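Work through the exercises below with the structure open. Try each task before reading its solution.

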Amino acid sequence: MAGQSPQNLIVTQEGAVALVQFNRPDVLNALNQALMDDLVAVLEAFDRDDEMRCIILTGNARAFAAGADIREMADATAVQMLQGYRFAQWERIRKVTKPLIAAVTGFALGGGNELAMLCDMIIAGESARFGQPEINLGLIPGAGGTQRLTRAVGKYRAMELILTGRQLTAREAEAAGLVTRVVPDELALDEAKALARDIASRAPVAVRLAKESVLKAFDMHLEGGLDFERKCFYLLFSTENHAEGIAAFQGKRPPHFTGR
Ligand code: CO8
């Protein structure tokens with residue numbers, strides 16, 4: 001995919017790690033439909049590519065993304081919003097099977113915060129600011145904010161943030177459980193890449209089923225989630241990666257994992 005960057009994204013690859021950078025700096029990477037179309041296309045292509053093992057989403061120093069493009073939505077009617085396909089794009093991102101890491105510096109607001117939360121891990125620079133300011137527009141979050149933020153930080157913090165639009169600092173977000181860890185801004189992308197390389201070196205089928213199982217904790221009651229986890233666990237005993245992991249442990253050597 002390298003060298004074929006779509007208009008609103010800068011897409012690069014480093015080994016088994018893909019890097020997708022939002023590229024609408026003049027509007028703080030506001031998520032218009034064209035950018036979301038590009039993003040879905042790129043993510044689905046990487047998801048199908050067996051060579052790619054982990055995907056990083058990032059913005060720039062000022063913003064990961066400052067939300068949906070307000071200008072694009074300004075004159076929309078309720079029926080246009082209902083009949084548009086924009087939320088289908090978010091569902092397709094939710095279905096990406098490879099791990100997604102958000103590397104966030106600057107604003108992650110509204111849809112930007114929702115996109116970061118749709119990722120599986122969030123590495124935040126010190127300047128990161130997370131929030132759901134839709135209330136200031138007479139709206140509420142529409143791409144999962146009321147649900148994912150509440151699951152991440154709990155009812156009492158989520159309620160305050162969504163009802164007032166207050167932004168969390170990176171350190172507050174870390175204390176609240178919204179981010180994986182906080183690092184100095186200049187290290188955020190490197191930290192995300194190091195994490196991505198680590199994950200990329202692991203057994204791919206186990207990584208995939210681990211992601212799926214953790215996400216089930218959001219959808220299911222405990223018993224259903226435990227049953228799902230156990231089925232995945234059984235399944236992994238049939239993989240070459242499991243045999244390789246055991247052989248490497250017994251041979252006191254590092255494992256070499258393939259996609260099988
Ligand atoms: N949409 C469009 N343009 C934006 C957006 C946005 N979300 N955010 C910033 N911009 C533009 C500004 O209009 C400005 O453009 P211009 O220079 O032409 O005037 C430029 O980016 C720079 O912004 P500011 O001058 O405002 O920069 P400041 O540093 O003064 O302020 C803020 C930064 C605080 C981030 C401020 O820009 C702001 O409040 N932005 C809006 C944030 C917001 O309300 N986000 C939520 C949007 S609604 C949403 O996300 C709902 C999601 C629903 C699901 C998604 C479906 C697709």
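A polar contact is a pair of N or O atoms within 3.5 Å. The model used here is predicted.

**Exercise 1. Find the polar contacts between the protein backbone and the ligand at Ala66, Ala68 and Ile70.**

Step 1. Start at Ala68. One of its backbone N or O atoms lies 2.8 Å from an oxygen atom of the ligand. That distance is within the 3.5 Å cut-off, so the pair counts.

Step 2. Go to Ala66. Here a backbone N or O atom is 2.9 Å from a ligand nitrogen atom.

Step 3. Finish at Ile70. A polar backbone atom of Ile70 is 2.9 Å from a nitrogen atom of the ligand.

Step 4. Add the cover. The ligand alone exposes 1,100 Å², and the protein buries 68% of that.

**Exercise 2. Describe the shell around the ligand.**

Step 1. Count the residues. The ligand is surrounded by 24, and the closest are Arg62, Ala68, Ile70, Arg71 and Gly111.

Step 2. Sort by class. The shell has 14 nonpolar, seven charged and three polar residues.

Step 3. Locate the elements. At least two shell residues come from each of α2 (70-73), α4 (86-94), β6 (107-109) and α5 (111-118).

**Exercise 3. Is Leu137 buried, partly exposed or exposed?**

Step 1. Place the residue. Leu137 sits in the loop between β8 (129-131) and α6 (145-153).

Step 2. Apply the cut-offs. Leu137 has a relative accessible area of 46%. Buried means under 20% and exposed means over 50%, so Leu137 is partly exposed.

Step 3. Look at its partners. Leu137 joins Ile70 and Leu139 in a nonpolar surface patch, with about 270 Å² of accessible area together.

Methods. Residues are numbered from 1 along each chain as its sequence is written. This is a predicted model: local features need pLDDT of at least 70, side-chain atom pairs count only at pLDDT 80 or more; totals for chains, interfaces and linings use all residues. Side-chain values use heavy atoms; hydrogens and water are left out. A residue is near a molecule or strand if one of its heavy atoms lies within 4 Å of it. A polar contact is a pair of N or O atoms within 3.5 Å; within protein, one must be able to donate a hydrogen and the other to accept it, and residues adjacent in sequence count only if both atoms are side-chain atoms. Accessible areas come from the Shrake-Rupley method with a 1.4 Å probe; for residues, only the protein chains shown count as cover. Helices (H or I, at least four residues) and strands (E, at least two) are DSSP runs, numbered from the N terminus. Ala, Val, Leu, Ile, Met, Phe, Trp, Tyr, Cys and Pro count as nonpolar, Asp, Glu, Lys and Arg as charged, and the others, Gly among them, as polar. Patches are made of residues with over 30% relative accessible area and no salt bridge: like charges are joined within 9 Å, nonpolar side chains (Val, Leu, Ile, Met, Phe, Trp, Tyr) within 5 Å. A salt bridge is a side-chain nitrogen of Lys or Arg within 4 Å of a carboxyl oxygen of Asp or Glu. Buried means under 20% relative accessible area, exposed over 50%, partly exposed in between (1.4 Å probe, protein chains only).
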